[in-house]
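Let's talk through how a few labels in this model are earned. Have the structure open as we go.

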Amino acid sequence: MRRKMLYELSENVTDENLRDIKFLLHNLPKAKMASATFLEVLAEMEKTEMLGKDNLDELENVLSKCSKELAYRVQKFKKASGIKNPVYITPGQQEENHLPVQPQDVFMPNMSIAETNPEFSPVTSSLPIESMDTDSEKLQASETSPANEIDVDDCYPMTQRPVGYCLIINNHIFHPSTNLRERKGTHADKDSLTEVFQRMHFKVEERRDLLSSDMLETVKEFSERDHSKMDAFVCCILSHGEKGTVLGTDGIPVPIRDLTKPFACCKMLTGKPKLFFIQACQGNNLQKVWDEDGTEDDQFEYDAERAVLRSVPIEADFLIGMATVESYKSFRHIKTGSIFIQELCKCLQLGCSRNEDILSILTRVNSRVSAKELNFYCKQMPEPRYTLTKKLVLPMD
């Protein structure tokens, strides 16, 4: 389980995080650290006994300096595993304060780090230990206390079980006459969405490979269902797309407006949040980091076709999470799924477990997706659009 947690950390470490981590761990061999990956840094920490099965204190403290989110993951793992948080004291303080501290609970700050970073300086023995404010304690207060004290009167109620329906329209194979590629990797997106929304107590149903007319008929069917004992509705659409539209497997564009409108007219969903997450390109342009000078990584594809300017108006209590801004392509890995949907699912699991509202979570999704470099040094920028009238905090087991 510890190895799995460390690997998951490595999946979420940005280049900036890694530079900060290497700086804070500058007492590790410089020659090895220059080009080391995060996993290689962890391996060096294990060699020097800075990291071990029951010793995650140094890692947590370093991460707390560069990413509270990553540090929170370590702290959460320690809590689940019964690993105690360290007590920060200086030599002689145990006797001064008459504290029954066990050796394994004591963390002695590394002086070489303290000399270059004042935030690591050890506290003086003149301060009583109960007055000390450790990084671990700050993290616990800021990250685990509900964002954490949310006024329930300012939030959509999420007390019904199931919370609502979650419809996944998953277009994988397109008719040969359309010349549209098979959307390899889309089932990974469907699996991730199913897992996360089931954990949020939604009743998930998939509809696969729908013609444009079938897509319209399906949303009409779901809008006419009984939502009276439910608190929300979610629709995830995985397909090729154009500006303001998604494509049926017959290649015919369906305006996103036509997919949302039936739910705006559903009286049983009036005043309840209606969420749409759309994995599809919104044009043919590529967002470049710099001029291309490499070869294409054929592990990535994009969900685009023709570009026709259309608007996406929405009524009250809607949220539409677009994989990309208008006019641009969105990327999908042919094995592991789309960049947007995979990061969305990760951020939902993290944020909902901490009682974060949906807009804070989607801001994190924007940050993570936009930080990635894709084919030909390209970027992708998601875009949430919403008319929510209250905070939305989705439940999570």
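A residue is called buried when its relative accessible area is under 20%. Keep in mind that this is a predicted model.

Q: Why is Arg 2 called buried?
A: Its relative accessible area is 15%, and buried means under 20%, so Arg 2 is buried.

Q: What makes Glu 46 partly exposed?
A: Glu 46 has 24% relative accessibility. Partly exposed covers the range between under 20% and over 50%, so Glu 46 belongs there.

Q: How do you know that Glu 46 and Arg 2 form a salt bridge?
A: Their side chains meet at 3.3 Å, N to O, and the cut-off is within 4 Å, so the pair qualifies. Glu 46 sits in helix α4 and Arg 2 in helix α1, so the bridge ties together parts 44 residues apart in sequence.

Q: Why are α1 and α4 called oblique to each other?
A: Their axes cross at roughly 135°. Roughly perpendicular runs from 65 to 115 degrees and roughly antiparallel is over 145, so the two helices count as oblique. The axes come within 9 Å, and residues in contact include Leu 6 and Tyr 7 of α1 and Phe 38 and Leu 42 of α4.

Q: What makes Lys 78 and Glu 60 a salt bridge?
A: The side chains meet at 2.6 Å, N to O, and the limit is 4 Å, so they count as one. Lys 78 lies in helix α6 and Glu 60 in helix α5, so the pair ties together parts 18 residues apart in sequence. Both residues are buried.

Conventions: Residues are numbered from 1 along each chain as its sequence is written. This is a predicted model: local features need pLDDT of at least 70, side-chain atom pairs count only at pLDDT 80 or more; totals for chains, interfaces and linings use all residues. Side-chain values use heavy atoms; hydrogens and water are left out. Axes are lines fitted to C-alpha atoms, for helices over the stretch in contact, and angles run from 0 to 180 degrees between N-to-C directions. Helices (H or I, at least four residues) and strands (E, at least two) are DSSP runs, numbered from the N terminus. Angles under 35 degrees count as roughly parallel, over 145 as roughly antiparallel, 65 to 115 as roughly perpendicular and the rest as oblique. Contact means heavy atoms within 4.5 Å. Buried means under 20% relative accessible area, exposed over 50%, partly exposed in between (1.4 Å probe, protein chains only).
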